[in-house]
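This report goes through selected parts of one protein model. Please look at the sequence and the structure before reading on.

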Amino acid sequence: MYVCPECAHEWSPDAGSDDSGSGITDANGNLLQDGDTVTVIKGLKVKGSSSVVKVGTKVKNIRLVDGDHDIDCKISGIGAMKLKSEFVKKA
């Protein structure tokens, strides 16, 4: 099993193969693309800080990357972050 050092999420090494080339989707199943604007649907604690990304925070101009945390973005007031697509919805 692999373990994410940021959030302690665990997954098996072959878990990434079930993607079947369909792309990265948000919590509602909408396909995400680079440059999209998304809204956070769950309050997220920022590791190593007392900050929290609040529900309803809009994140503009996302960049999709490989890995467990598949969204690279900048959040105003917090800075650069990586998010999981299961905690956002397309705006």
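How many bridges join β3 to β6? The model shown here is predicted, and in this model 2 bridges join β3 to β6. The two strands run antiparallel.

## The open sheet

β3 and β6 belong to an open sheet of 3 strands, in the order β6-β3-β10. The pairing in this sheet is antiparallel. In general, the strands of a sheet pair through backbone hydrogen bonds, and the arrangement is either parallel or antiparallel.

The edge strands are β6, residues 58-59, and β10, residues 88-90. Each of these edge strands pairs on one side only.

## Residue T39

T39 is part of strand β3, which covers residues 38-40. The bridge partner of T39 in β6 is K58.

Is T39 buried or exposed? The relative accessible area of T39 is 11%. Buried means under 20%, so T39 counts as buried.

Which residues is T39 in contact with, leaving aside its neighbours within four places in sequence? One part of the list is G56, T57 and K58. The other part is F87, V88, K89 and A91. Among these contacts, K58 is also the bridge partner already named, and V88 and K89 fall in the range given for β10.

## The largest nonpolar core

The largest nonpolar core has 15 residues. The members that touch the most other members are V53, V59, I71, C73, M81 and L83. At least two residues of this core come from each of β3, β8 (71-75) and β9. β8 gives the most, with 3 residues.

V53 can be described further by its surroundings. Not counting residues up to four places away in sequence, V53 touches V40, K42, G43, L44 and V46, as well as I75, I78 and M81. M81 is also one of the core members that touch the most others.

## The second largest pocket

The second largest pocket holds about 400 Å³ of space. It is lined by 15 residues, and those closest to its centre are E6, C7, K45, H69 and K82.

Which strands each supply at least two residues of this lining? They are β4 (44-45) and β9 (79-83). The largest share of the lining, 3 residues, comes from β9. β9 therefore appears in two places in this report, since this strand also supplies at least two residues of the core.

By residue type, the lining of the second largest pocket divides into 6 nonpolar, 2 polar and 7 charged residues.

Terms used
Residues are numbered from 1 along each chain as its sequence is written. This is a predicted model: local features need pLDDT of at least 70, side-chain atom pairs count only at pLDDT 80 or more; totals for chains, interfaces and linings use all residues. Side-chain values use heavy atoms; hydrogens and water are left out. Helices (H or I, at least four residues) and strands (E, at least two) are DSSP runs, numbered from the N terminus. Buried means under 20% relative accessible area, exposed over 50%, partly exposed in between (1.4 Å probe, protein chains only). Contact means heavy atoms within 4.5 Å. Two strands pair if DSSP finds at least two bridges between them. On a 1 Å grid over the protein atoms alone, a cavity is a set of points where a 1.4 Å probe fits but cannot get out, and a pocket is an open set with protein on both sides within 12 Å along at least five of seven lines; lining residues have an atom within 4 Å of a point. Grid points are joined across faces, edges and corners, and a volume is the space filled by probe spheres set on the points. Ala, Val, Leu, Ile, Met, Phe, Trp, Tyr, Cys and Pro count as nonpolar, Asp, Glu, Lys and Arg as charged, and the others, Gly among them, as polar. A nonpolar core is a set of buried Ala, Val, Leu, Ile, Met, Phe, Trp, Tyr and Cys residues joined through side-chain atoms within 4.5 Å.
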